[in-house]
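Please open the model in a viewer and keep the selection panel at hand. The tour begins inside one chain and then moves to the contact between the two copies.

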Number of protein chains: 2
Amino acid sequence: MSTEQAVGVIGLGAMGMGVARSLLRAGFTVTGCDVRNEALKEFAGHGGTPTTSPAEAGRNASFLVIVVVNAEQTENVLFGEDGAAATLAPGSVVLACATVPSEFAIATAERLARQDIEMIDAPISGGAVRAAAGELSVMASGPPATFDKAKAVLDAMAETVHRLGDTVGPGSAVKTINQLLAGVHIAAGAEALALAMRMGLDPKVVYDVICASAGSSWMFENRMPHVLAGDYTPFSAVNIFVKDLGIVLETGKQLTFPLPIAATAHQQYLAASGAGYGRQDDSAVIKVYRDLGGITLPEKSED
Amino acid sequence: MSTEQAVGVIGLGAMGMGVARSLLRAGFTVTGCDVRNEALKEFAGHGGTPTTSPAEAGRNASFLVIVVVNAEQTENVLFGEDGAAATLAPGSVVLACATVPSEFAIATAERLARQDIEMIDAPISGGAVRAAAGELSVMASGPPATFDKAKAVLDAMAETVHRLGDTVGPGSAVKTINQLLAGVHIAAGAEALALAMRMGLDPKVVYDVICASAGSSWMFENRMPHVLAGDYTPFSAVNIFVKDLGIVLETGKQLTFPLPIAATAHQQYLAASGAGYGRQDDSAVIKVYRDLGGITLPEKSED
């Protein structure tokens with residue numbers, strides 16, 4: 001295997017581990033970077049090279065896939081102490097997968113370009129299971145020549161690559177729009193299901209009827225079963241929407257554009273996080289309605 | 001044809017006309033009631049008997065299908081001057097299809113029961129096209145014996161009859177939950193698509209990506225094409241959601257249950273109605289964002 005096929009993956013959480021494993025399966029040499037020893041051990045078990053140093057992940061890599069949580073972490077692993085930008089070679093490609101403001105993505109690409117490092121704005125969605133299967137959806141934008149270069153990496157990671165423009169920025173912008181809707185839909189689903197319970201309806205029956213009706217959403221169908229099962233094991237956490245709707249609202253503020261529905265949904269996630277549910281599944285936003293509205297939620301069966 | 005198969009339909013709007021035509025096609029003798037001459041002429045052309053009198057629609061009818069806009073109209077056509085409750089025979093069945101508070105449905109059923117008139121709580125959804133095809137979805141509840149009696153009528157009207165309980169009330173309660181979600185999803189879709197335009201994104205591209213992503217909803221997919229086409233011919237009007245989210249919020253108030261997201265969406269429909277868009281398609285709620293946020297919406301092509 002030639003060194004042209006070396007990939008660094010930074011962030012071995014549920015999504016990053018899935019990406020890294022998909023790349024290993026596709027035949028790439030993969031160095032995976034995380035701060036958690038457990039994740040590094042698991043990754044080594046899959047045949048990857050573990051490191052705690054972003055600079056090590058960037059050294060000799062033709063591609064660096066950054067699967068961290070937010071803009072701050074993206075900036076740190078690239079430009080912080082021991083950052084990967086110091087070791088990445090000219091002509092290498094960064095795939096920036098965190099959900100970040102599009103302005104941050106643009107600024108990061110400009111900073112990397114000064115070292116002749118290329119970048120694809122590549123926020124991902126699909127969840128841990130699809131990440132492990134190499135079936136993510138990528139809202140991507142960047143120069144066509146960079147896409148050509150990174151084709152094998154994207155093919156290994158993703159089932160669908162939405163090509164949203166020839167510059168960095170539109171990928172993150174469209175992801176921002178998606179997160180507005182996803183965040184509102186989960187909170188609205190919680191509000192609706194909570195009201196149904198308060199009205200004395202069977203939430204399972206309501207769930208089935210809504211899924212077959214005009215009131216349905218992808219998130220309602222996907223997340224409300226967690227409420228019905230009383231299982232708030234984080235699929236994606238409440239705090240992710242504290243952050244992502246925060247990006248949405250910051251975007252609106254910069255553009256002086258009112259977003260009252262997103263703002264109200266954001267308040268519900270903030271309330272959930274403030275009440276101590278921030279690390280639970282995002283559907284735990286329904287606990288705000290329980291705490292204020294006096295309903296009893298389904299509990300996890302202990303079998 | 002025996003008189004047992006006579007049906008009255010009150011309200012020959014887009015939905016009621018579709019229901020009445022489906023019943024004619026199924027072989028029922030149908031008397032259709034409306035105040036608008038044009039609708040009555042159209043209905044007569046389809047082979048129905050037109051009347052402007054609810055009492056006439058109820059006379060000799062085994063079934064009365066009420067497809068009016070709200071609780072007030074439902075009450076008027078049954079119990080107002082020249083109302084149908086005065087002519088309906090004991091043992092006849094009222095199918096109450098308007099979206100109303102479940103408490104109103106319960107009270108109406110009790111009032112009809114004093115005359116031995118039966119009732120099915122039967123709010124409908126699906127839109128005009130599916131109404132005309134006899135493919136509505138009904139969120140229905142009522143006594144099993146009444147369902148048995150009304151089976152042929154429901155079969156003629158609906159593709160799907162959700163049986164939600166053996167008493168009147170749960171049908172309207174589940175419809176309330178559906179309308180909460182439907183109303184929030186249209187307004188959130190408008191908010192998201194408006195922000196996308198403000199960010200300089202192509203709304204058609206965003207629409208396609210969202211429809212394939214976790215941010216999608218039934219209403220986003222169904223209604224946002226009206227925005228993309230610049231065609232606000234009312235499919236269902238802004239004012240319907242002023243009313244239906246009003247029912248949602250009134251329900252929450254009665255139960256002392258906070259519904260901040262529904263309340264915020266309701267404000268957006270109120271704003272749209274206040275700005276003069278109340279009779280336009282519900283997707284015209286996006287014009288609130290245009291008027292405040294300085295975006296240009298797609299315009300209807302004149303070919």
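A crossover is called right-handed if, with the strands pointing away from the viewer, the path from the first strand over the helix to the second runs clockwise. With that convention in mind, and noting that this is a predicted model, select strand β5 (residues 93–96), helix α5 (residues 102–113) and strand β6 of chain B: together β5(B), α5(B) and β6(B) form a right-handed β-α-β unit.

Next, display the pairing of the two strands. β5(B) and β6(B) run parallel and are joined by four bridges. Within this pairing, Leu95(B) has Ile120(B) as its bridge partner in β6(B).

Now show the side chains of β6(B), residues 118–121. Are its faces covered or open? Both are covered: Glu118(B) and Ile120(B) on one side, and Met119(B) and Asp121(B) on the other, are all buried.

Then bring both chains into view. A turn of 180° with a shift of 0.0 Å along the axis lays chain B on chain A with an RMSD of 0.0 Å. The two copies are therefore related as by a two-fold rotation axis. To locate this axis, select Ser217(B), whose C-alpha is the nearest to it in chain B, at 1.9 Å.

Finally, select the contact, to which chain B and chain A each bring 52 residues. On the side of chain B, the elements that give two or more residues include β8 (136–140), β9 (158–163), α8 (170–198) and α12 (260–277). α8(B) gives the most, with 17 residues. Colouring this side of chain B by residue class separates 35 nonpolar, 15 polar and two charged residues.

Technical notes:
Residues numbered from 1 in each chain as written. Chains lettered and ligands numbered in written order. Predicted model: local features only at pLDDT ≥ 70, side-chain atom pairs only at ≥ 80, totals over all residues. Buried ≥ 20, exposed ≤ 12 C-beta atoms within 10 Å, placed from the backbone. Pairing = 2+ DSSP bridges. Least-squares fit on C-alpha atoms with pLDDT ≥ 70 in both. Contact = placed C-beta atoms within 7 Å. Nonpolar A, V, L, I, M, F, W, Y, C, P; charged D, E, K, R; others polar.
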